[in-house]
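Please open the model in your viewer and keep the selection tool at hand, because we will move from one selection to the next.

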Amino acid sequence: MRYIDEFRDAGLARGLADKIARISTRPARLMEFCGGHTVAIMRNGIRRLLPPTIEMLSGPGCPVCVTSNSDIDRAIALAGLPDVIITTFGDMLKVPGSCSSLQKARAEGGDIRIVYSTQDALQIARDNPRQSIIFIGVGFETTAPTIAMAIVQAEKENLRNFYVFCQLKTTPPAMRALLDLGEIKLNGIICPGHVTTVIGTGPYQAYARDYGVACVVAGFEPVDILQAVEMLVQQIERDEPRVEIAYTRGVRPEGNLIALELMHNVFDTAGASWRGIGEIPHSGLKLKAKYARFDAGCEFNVVLPPAKEAPGCRCGEVLRGVIRPAECRLFSKACTPENPIGPCMVSSEGSCAACYQYGEYDG
Ligand code: SF4
């Protein structure tokens, strides 16, 4: 197939669904890690096309959702400092922290600007030399190279007023942490397409080898996802777990070596706190010592009270795949996209928001 329309072809999708139903004889629990996949699965009604032998769960693949309340509180506190302009991707604006959100902080007078790239944030820094520009760096390996590039560029231009509040996370340690928790027994993982474009398939080999979990990297169109499910079912039926790529038009096994080198030049790995999972060693990226002057976490001191979770919000369990969004008693009642209680209802890649939007209330 060469054109995107072919990956949306209803006949091809139905043919794959029929094949999956034919070959699937044993129960298979699959998890998509990536929030983009969660949205694509719900938007296209993929779960309803699959036989009852296959259970699909969503994982912690929305970077906004897994950002802990204490880190959101810190971003909001940074917005309250004098002569600071916060720059952020739009998804972060409405995410509730313990008591507030960046949107509320903006309504209260904070200078908080939505940007569409780190280049926009750099331009705001150039245009406002007397103010400190802090970019809220939330994302996975797909976002990390663009932030690394912005820091290298700021260094080259000797921009003294540009900072990053670095909350970048890496996906393989979180996958391993979920498998180690053992709360849910997975047979297969739909591995993230965009993240794997950067990191390659090497990190997944351990899941197949050590945990016996089938792994297939998928693209984001309905035929992509069904093809990945079909490949996973083939592996599970043969009891031969390994790592395969269904998304061959986007992913190479070695990843993007230029992006990886850039990331390794700018970041060190560090422990990071994930909502619902807790601290995971080596799952975060922090700026190397030579770039420490760009680190908003070091340069700006804010004192915060202990973080609080919203009463009744079960985002942590949703992110671990332990419950479906509709099992949270606040879902679609107290918690809606207009009045989100937890981040999973805010983000465009959040499971609760996707379930609400596409009516997947029955799971
Ligand atoms: Fe949290 Fe709302 Fe989802 Fe419940 S429905 S888990 S409160 S985001």
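Two helices count as roughly parallel when the angle between them is under 35 degrees. Keep that cut-off in mind as you look at this structure, which is a predicted model.

Select residues 35–43, which form helix α2, together with residues 351–358, which form helix α16. Their axes lie 9 Å apart, and the two helices pack at an angle of about 15°, so α2 and α16 are roughly parallel to each other. Look also at the sense of the crossing, for α2 passes α16 in a right-handed way.

Next, select helix α7 (residues 118–127) and helix α8 (residues 144–156). The axes of α7 and α8 come within 9 Å and cross at roughly 25°, which makes α7 roughly parallel to α8. The crossing of α7 and α8 is right-handed.

Keep α8 selected and add helix α13, which covers residues 257–266. Here the axes of α8 and α13 come within 9 Å and cross at roughly 55°, and α8 and α13 are therefore oblique to each other. The crossing of α8 and α13 is left-handed.

Finally, turn to the ligand: which residues are around it? Select C313, R314, C315, C328, L330 and F331, and then add C335, I341, G342, M345 and C352, to show the residues around the ligand. If you colour this shell by class, you will find nine nonpolar residues, one polar residue and one charged residue. With the shell still displayed, consider the space taken by the ligand, which is the largest cavity.

How values were computed: Residues are numbered from 1 along each chain as its sequence is written. This is a predicted model: local features need pLDDT of at least 70, side-chain atom pairs count only at pLDDT 80 or more; totals for chains, interfaces and linings use all residues. Side-chain values use heavy atoms; hydrogens and water are left out. A residue is near a molecule or strand if one of its heavy atoms lies within 4 Å of it. On a 1 Å grid over the protein atoms alone, a cavity is a set of points where a 1.4 Å probe fits but cannot get out, and a pocket is an open set with protein on both sides within 12 Å along at least five of seven lines; lining residues have an atom within 4 Å of a point. A molecule sits in a cavity or pocket if more than half of its atoms lie within 2 Å of its grid points. Ala, Val, Leu, Ile, Met, Phe, Trp, Tyr, Cys and Pro count as nonpolar, Asp, Glu, Lys and Arg as charged, and the others, Gly among them, as polar. Axes are lines fitted to C-alpha atoms, for helices over the stretch in contact, and angles run from 0 to 180 degrees between N-to-C directions. Helices (H or I, at least four residues) and strands (E, at least two) are DSSP runs, numbered from the N terminus. Angles under 35 degrees count as roughly parallel, over 145 as roughly antiparallel, 65 to 115 as roughly perpendicular and the rest as oblique. A crossing is left-handed if the near helix is turned anticlockwise from the far one by less than a right angle, and right-handed if clockwise.
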